[in-house]
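Q: Please take a close look at one part of this structure for me. I would like to know about the surface near the RNA strand.

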Amino acid sequence: MLDIKFVRENPEKVKENIKKKFQDEKLPLVDEVIELDKKIREYKAEGDSLRQERNTTSDAIGALFREKKTEEAEEKKKRVNEINSKLIDIEREENDLAEKLKEKMMVIPQIIDDSVPIGKDDTENVEIEKFGEPVVPNFEIPYHSDICEALNGLDKDSAGRTSGNGFYYLIGDIARLHSAMLSYARDFMIDKGFTYCVPPFMIRSDVVNGVMSFSEMENMMYKIENEDLYLIGTSEHSMIGKFKGQIVKEEELPITLTSYSPCFRKEVGAHGIEERGLYRVHQFEKQEMVVLCKPEEAMDWYNKMWSYTVEFFRSLDVPVRTLECCSGDLADLKVKSCDVEAWSPRQQKYFEVGSCSTLGDAQARRLGIRAKGENGNYLLSTLNNTVIASPRGMIAVIENNVNEDGTINIPKALQPYMGGKEKIELK
RNA sequence: GGAGAAAUACCCAAGUCUGGUUGAAGGGACCGGUCUUGAAAACCGGGAGGUCGGCGACGACGCGGGGGUUCGAAUCCCUCUUUCUCCGCCA
C-alpha cells in the first residue's frame, strides 16, 4: 500500500509503475483515488468545524448550568442537536468514501525498484548468477519420490487416505534428513547473528490482511472454522505481525530473526498440487529469515539475505542460481524479489527452493510498524527470505547426492544432525 | 470452559463511585543548567507523546479496540481483545 500523499503528489509515477507491472486495468484507480481523497478532505474540514462548534457550545452549556442559567443552556442544547444531526450525514459519507479509498489503495501496487527487470510473467524472469557446477551424472536419476519410496522413506498412499492429495508421511532416515536440514538451517542462521524464534502457527485476519494481498490470501490461507484464525502459509506472516502497531526503538535496529514453522497452503490457482512427489504440497516446514530495518539499509540486507541462502545450499554441495523476479511476476506488495533455485540433475534444470523479497514500507504501512527517530517516527522496511523449505529443499539434496544403487550420501554438514550417519540405505 | 480484577501518554501511576473547571495530577526516564577535573548524586529549570486536516493562525481525533447514552464521556451502558488471580480440563 502506498502513502496517499505520495499518490496525490506523484500520480504519473504511480501510473508508470502500474504499466511496468502490466496491470493497465488498474490505471483508472489512480485518478479515482485522488478524487476520493479530495472529497474526503472536504468532508473532514466541514466535520471538523462542526465538531469544534459542538465542543465550545457544550463547554458553554456546562458553564451556564453551573451559573444556574438553565434556560439559556436549553437553548444552546438545541443548536448542538442540530449540529449532531448534520454530523451523522457528514461522518457517514466520509466513512463510506474512506472505505472505498482504502479498497482501491489496497490493490495499487507498491513502487518497484528501478533495478527490477521489466517483463510480463515468470517466463521473463532473469537469471542473475550461478553458483557451483551443475553436475549431470552418468546414470539416470529417478524421480525423487521413487528414490524415497525405494528406501521406505515416503508413504503418500496412506497420507492420501488420511488427509487427501498434497500430504505425505516421511519415514525413517528420510524423515530424519528432513528435520536435520531444518535444524542445520536454524544453526546456520544463528551463526549469522540472527535470533531464533518459534512463532504462532495461526494468526488473526487483521494480521493476514496486513502481510499479504487479498488474492494471495484467497489462494493460500486455510481458515479455522468458527474462529477468526488462519493457519500460516509461512512464518513471515506471524513474524511481521509480531510488530503490528509497534514503535521500535531505533537502537534495536536492524531486527534480524530466523523463525521455524510448519506452513500450510491451499495452493489454489495456477500450479495446483503435484500428484507424484513432494514438490508442491499442502503442508511443509520452513526455516525463514526476517529483517526489519531502516529504509536506507533495506537493499543491503536484501543482498545479504539471498546470499545466505546461496551459501547454505553450497554448504550442502547443491549447485544453485539466483533468478530475479520481473516486474509482472512481482507480487503487489513487493519492491524487489529473487528466487534461489537449486540444480536438479534429473531434470537438468534449476527449480525454486527459496524466495527473497524486500517489501519496502508496504507491510509496515498496513500494520503500523514504525521506529522512533530523531526527526519523528518513520515506517520500517521489511524483508523476508527462505533459508530452507522442506521437503522441497530436501529434494535438491537427495537428487544431488543419490548414488546409482539408490542410496543417498548425507552431506557432511548434515551428518551431526543424523547421529553421525554418512549414508541412507535400505535396511 | 467457569468466577473475579484490570488495561490511562516512553515507563510507573492519579483521576472512573459523584459526566463539564483534567485534552489528562504526580513520579521516573529525557533535555538544559548549577555544583564537579569528569561523572554520579543533589538542586534549579524545560517541554508531555501520536494520527489527521490546513500555506498558516489553528483545528479535529486520541485515556486497550468498536458501538451506544448525553448538550457534553477517561469517567455511565453494551461488546470485543489482552493481561493477572482462582477453579476446571489438558500435551
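A: What follows looks at that surface, then at the chain around it, and ends with one small sheet.

The model is predicted. Start with the RNA. RNA strand B is surrounded by 18 residues. The closest are Arg51, Ser58, Ile61, Gly62 and Val80. Three elements each give two or more residues to this surface: α3 (27-66), α4 (70-107) and β15 (376-379). Of the elements, α3 gives the most, with 12 residues. What kinds of residue make up the surface near RNA strand B? By class, 8 are polar, 6 are charged and 4 are nonpolar.

Now step back to the chain. Chain A holds 13 helices and 18 strands. Its C-alpha trace spans about 100 × 45 × 45 Å along the principal axes. Chain A has 427 residues, and 40% of them are buried. Take the contacts in chain A with a separation of 6 or more: 72% of them are between residues 24 or more positions apart.

Last, the sheet. This one is open, with 3 strands in the order β5-β7-β6 and antiparallel pairing. The edges belong to β5 (202-203) and β6 (222-223). Each has a single partner strand, so one side of each lacks a neighbour in the sheet. In general, strands of a sheet pair through backbone hydrogen bonds. Here, β5 and β7 (residues 230-231) run antiparallel and are joined by 2 bridges. In one of these strands, β7, Leu231 is the bridge partner of Met202.

Notes:
Residues are numbered from 1 along each chain as its sequence is written. Chains are lettered from A and ligands numbered from 1 in the order in which they are written. This is a predicted model: local features need pLDDT of at least 70, side-chain atom pairs count only at pLDDT 80 or more; totals for chains, interfaces and linings use all residues. Two strands pair if DSSP finds at least two bridges between them. Helices (H or I, at least four residues) and strands (E, at least two) are DSSP runs, numbered from the N terminus. A residue is near a molecule or strand if its C-beta atom, placed from the backbone, lies within 6 Å of it. Ala, Val, Leu, Ile, Met, Phe, Trp, Tyr, Cys and Pro count as nonpolar, Asp, Glu, Lys and Arg as charged, and the others, Gly among them, as polar. A residue is buried if 20 or more other C-beta atoms lie within 10 Å of its own, exposed if 12 or fewer, and partly exposed in between; C-beta atoms are placed from the backbone. Two residues are in contact if their C-beta atoms, placed from the backbone, lie within 7 Å.
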